[in-house]
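Here is a short briefing for a reader new to this structure. Please look over the sequence and the model before reading on.

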Amino acid sequence: MITSSSNAQIRAIEALLKKSKERKEQKAFVVEGKKMFEELLSRRELLKKVFFSESYVSEYYPEGLKDILSDIPYEIVAEHVFCQMSETVTPQGVLAIAAMPEYSLEQMISSKEKKTLLLLEDLRDPGNLGTILRTAEAADVAGVILTKESVDVYNPKVIRSTMGAVFRVPFVYADDFFGLLEILREQGVRLLAAHLKGNKTFTEADYSGACGILIGNEANGLSERAAELATEKVLIPMAGKTESLNAAVAAALLMYEAFRSRRRF
């Protein structure tokens with residue numbers, strides 16, 4: 001049992017939690033909580049190691065862990081150490097190191113299916129990205145493509161906000177975001193940009209066929225170049241003195257409108 005916060009394994013977990021560079025080098029990230037751990041049990045090929053608090057083991061595995069984790073290394077951690085290593089205010093007692101799932105940009109954009117893609121330009125807020133990934137799964141989005149400047153998907157706050165969708169929604173970071181938009185247009189993908197100067201509302205837009213929904217930075221919206229590459233700009237009507245909507249809310253409205261129009265409900 002690990003009883004010291006200076007243990008090398010504990011320090012390694014802290015590095016993964018705090019440093020994007022460390023996560024990229026190891027191609028691994030940290031997940032916390034019972035639900036996320038159970039999600040990983042269904043993706044065992046991604047599960048590298050698990051850390052349990054003493055109380056978690058006594059509550060959920062009083063007969064021991066060998067049967068359920070016979071093929072996966074694990075450690076039991078003293079309560080005070082687990083609280084120190086966790087990023088949550090009230091730790092649930094289980095934390096795991098997972099390998100990053102691999103998704104292919106080529107596979108995502110080469111399919112001829114009538115599908116919806118979500119394209120995010122310079123999204124910076126972890127909570128927004130986590131919410132967007134969770135909503136993308138619910139709205140049957142085929143994949144999410146982000147600029148290199150966007151927040152790290154494996155940021156612990158993003159991971160918590162996804163509620164497991166990070167393991168089910170394909171996502172990639174595009175080396176050349178604008179070049180990709182041009183390629184998508186050449187392939188006949190309709191690019192719909194959420195924009196304050198849209199010439200039609202998001203409910204009037206055409207989501208038939210393959211389409212891509214463009215959402216911009218929380219503070220500045222889409223860049224002029226991204227907006228110019230869109231097939232059309234669509235407006236989300238707003239009452240009162242509101243100037244713009246939260247990026248996750250705007251993305252949800254357009255994703256669900258695409259979902260509704262395809263499902264005809």
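The points below go from the whole chain to the sheet, the helices, the cores and two backbone details.

This is a predicted model. The protein has 265 residues, and 49% of them count as buried. Eleven helices and eleven strands are found in the protein.

**Overall layout**

- The C-alpha atoms fill a box of roughly 60 × 40 × 35 Å along the principal axes.
- Take the contacts between residues at least 6 apart in sequence: 77% of them join residues at least 24 apart.

**The seven-stranded sheet**

- Seven strands make an open sheet, and their pairing is parallel.
- The strand order is β7-β6-β5-β10-β8-β11-β9.
- The edges are β7 (171–174) and β9 (200–201), each pairing on one side only.
- At one of these edges, β9 pairs with β11 (residues 232–235) in the parallel sense over two bridges.
- T201 has L235 in β11 as its bridge partner.
- Strands of a sheet pair through backbone hydrogen bonds, in either a parallel or an antiparallel sense.

**Helices on the sheet**

- Helix α9 (residues 177–186) lies across five strands named here: β5 (116–120), β6 (143–147), β7, β8 (190–194) and β10 (211–215).
- The direction of α9 runs at about 155 degrees to β5.
- Helix α11 also packs on the sheet, where it touches β5, β8, β10 and β11.
- The direction of α11 makes about 165 degrees with that of β10.

**A helix pair: α7 and α11**

- How do α7 and α11 lie relative to each other? Helix α7 (residues 126–138) and helix α11 (residues 247–263) pack at an angle of about 10 degrees. Angles under 35 degrees count as roughly parallel, so α7 and α11 are roughly parallel to each other.
- The axes of α7 and α11 are 9 Å apart.
- From α7, the contact involves N128, T131, I132, T135, A136 and A138.
- From α11, the partners are A247, A248, A251, A252, M255, Y256 and F259.
- The residues of this contact divide into ten nonpolar, three polar and no charged.

**Nonpolar cores**

- The largest nonpolar core has 60 residues. Which of them touch the most other members? They are F37 and F52.
- Helix α11 gives the most to this core, with eight residues.
- Another core, of 19 residues, lies apart from it, and includes L117, A174, F177 and A230.
- Beyond its neighbours within four places in sequence, F52 is in contact with F37, V57, Y61, L65, L69, Y74, E75, I76, V77, F82, G93 and V94.
- In soluble globular proteins, nonpolar side chains tend to be buried together.

**Two positive phi values**

- Most residues other than glycine have a negative phi. Two residues here have a positive one: D122 and M163.
- D122 has a phi near 55 degrees. D122 lies in the loop between β5 and α7.
- Is D122 buried or partly exposed? Its relative accessible area is 21%. Buried means under 20%, so D122 counts as partly exposed.
- M163 has a phi of about 55 degrees and is not a glycine. M163 sits in the loop between α8 (156–162) and β7.
- With a relative accessible area of 34%, M163 is partly exposed.

Terms used
Residues numbered from 1 in each chain as written. Predicted model: local features only at pLDDT ≥ 70, side-chain atom pairs only at ≥ 80, totals over all residues. Heavy atoms only, no water. Axes fitted to C-alpha atoms, helices over the stretch in contact; angles between N-to-C directions. Helix = DSSP H or I, 4+ residues; strand = E, 2+ residues; numbered from the N terminus. Parallel < 35°, antiparallel > 145°, perpendicular 65-115°, else oblique. Contact = heavy atoms within 4.5 Å. Nonpolar A, V, L, I, M, F, W, Y, C, P; charged D, E, K, R; others polar. Core = buried A, V, L, I, M, F, W, Y, C linked by side-chain atoms within 4.5 Å. Buried < 20%, exposed > 50% of the residue type's maximum accessible area, 1.4 Å probe, protein only. Pairing = 2+ DSSP bridges.
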